[in-house]
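Visitor: Please put the model up, and then I will ask about its strands and helices.

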Amino acid sequence: MKRSTPRLVSLALALFAPTLLTACSDSGPTAPSDGLTVFGGPTNPARDGSYTEAIRAENGIASLEPVVIGGVEQWVLIRGYDVTNPVLVFLHGGPGSPAMPYARFSFGGLERHFTVVTWDQRGCGKSYRAEIDPQAITLERMLSDTRELIQMMRARFGVQKVYLMGLSWGSILGTLTARDHPDLLHAYIGVGQVVDVERSIPIAHAAALARAADLGRDDAIAALSQIQVDPVDWEQVGELGEWLEELGMGDIHDPSLLPGFAAEAGPLTEYTAANEASEDAWQALYDASPLRTDETWLRNLDMIGQVPRLEVPVYFMAGRYDYKTPGVLAEEFLNGLDAPAGQRMFWFENSAHVPDIEERSPFHTVMIDTILAEVGG
């Protein structure tokens with residue numbers, strides 16, 4: 001299967017791009033006039049001079065730091081107003097599409113209720129290193145890294161369990177981690193939940209044709225009609241993905257919102273210019289990894305068959321216009337799942353693949369007023 005352009009990462013890097021960083025001192029947290037401690041900010045930079053926006057709170061955290069996971073240095077962003085709140089670990093999409101370019105913007109509304117941990121996975125974003133062996137970027141290795149990160153955060157914050165949220169590729173890691181290590185988790189939240197890639201393609205194709213007809217896009221209809229989905233021609237899947245983006249059925253349903261998001265988010269200070277410039281290199285690293293050189297594992301993925309039971313509370317978040325990972329399959333998976341601790345599905349009517357960006361306010365409301373209220377910390 002051809003890899004389509006990592007559109008969400010490219011857009012995030014372009015729209016939430018860093019300005020040139022001014023020199024930062026190595027001083028510790030400053031003491032503002034209100035007596036509260038300042039965490040983060042330009043006077044509290046990371047080792048490479050980048051920094052995350054300041055949080056002013058007596059018991060907060062705003063840390064951008066390297067940690068060693070699986071023997072490799074990787075970067076995490078940890079933000080929250082009270083470190084006694086429940087810990088939420090976020091697993092980004094891809095493989096190789098890091099979340100730090102949009103994490104502070106996307107999850108800022110959760111920081112008063114959770115300690116939010118965003119991780120740039122092995123070999124991408126701030127965790128890119130030229131010396132990383134692409135052959136070590138396997139599903140098994142990434143699952144091991146996920147488990148190690150969770151255990152690290154449990155020890156750091158003195159908690160027995162964390163909330164685990166996975167987006168797209170991250171939902172594969174999240175679901176399998178929830179299956180194999182329920183004792184580590186309060187709950188699992190799947191966003192843009194992957195279920196069965198082969199089954200998703202004809203569903204996406206039919207929806208794209210219908211959408212093109214509604215929009216009067218004869219060009220799209222003609223092009224889509226040339227894509228074979230029964231059986232699936234894997235060489236054409238990348239082209240289908242490009243049309244999904246064009247028709248508002250890929251990452252973002254309404255791209256006209258992105259400039260406003262960028263203005264609201266402000267500069268991406270968590271990345272240096274070197275981090276941003278390395279995107280082609282980390283994509284090449286992933287292209288050389290077993291995750292992409294042999295995608296049999298992905299084509300054969302069947303969550304319904306492989307994950308019949310989850311022993312933690314399960315919540316799925318689906319954008320109504322998401323056909324990268326059709327919500328109808330997530331709903332089928334959830335309805336048939338043996339989930340003794342409970343399961344719920346939430347639809348976001350004006351979103352595609354990333355409701356955490358496109359419909360942040362209702363997304364945060366579900367996380368705080370429903371999931372946190374039901375599960376507790």
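Visitor: In which sense do strand 4 and strand 6 pair, and over how many bridges?
Guide: This is a predicted model, in which local features need pLDDT of at least 70, side-chain atom pairs count only at pLDDT 80 or more, and totals for chains, interfaces and linings use all residues. Residues are numbered from 1 along each chain as its sequence is written, and side-chain values use heavy atoms, with hydrogens and water left out. Strands (E, at least two residues) and helices (H or I, at least four) are DSSP runs numbered from the N terminus, and two strands pair if DSSP finds at least two bridges between them. One bridge joins R79 to V116 in strand 6, and the pairing of strand 4 with strand 6 is antiparallel, over five bridges.

Visitor: Which strands are the edge strands of the open sheet?
Guide: Eight strands make up this open sheet, in the order 3-4-6-5-7-8-9-10 and with mixed pairing. An edge strand here pairs on one side only, and that applies to strand 3 (61–69) and strand 10 (343–348).

Visitor: How many residues lie between strand 3 and strand 4 in their hairpin?
Guide: The two strands pair in the antiparallel sense over nine bridges, and I61 has G80 in strand 4 as its bridge partner. In the turn, G70 has a positive phi of about 60°, and the number of residues between the strands is two.

Visitor: Which residue of strand 8 is the bridge partner of M165?
Guide: Strand 7 (residues 162–167) and strand 8 (residues 185–191) pair in the parallel sense over six bridges. For M165, the bridge partner in strand 8 is I189.

Visitor: How many residues of strand 4 are buried?
Guide: Buried means under 20% relative accessible area, exposed over 50%, and partly exposed in between, with a 1.4 Å probe and protein chains only. Strand 4 is mostly covered, and of its nine residues the buried ones number eight.

Visitor: At roughly what angle do the axes of helix 3 and helix 4 cross?
Guide: Axes are lines fitted to C-alpha atoms, for helices over the stretch in contact (heavy atoms within 4.5 Å), and angles run from 0 to 180 degrees between N-to-C directions. The axes of helix 3 and helix 4 (residues 169–180) come within 10 Å and cross at roughly 70°.

Visitor: Which residues of helix 4 make the contact with helix 3?
Guide: From helix 3, the contact uses L139, M142, L143, T146 and I150. On the helix 4 side, the residues are W169, I172, L173, L176 and T177.
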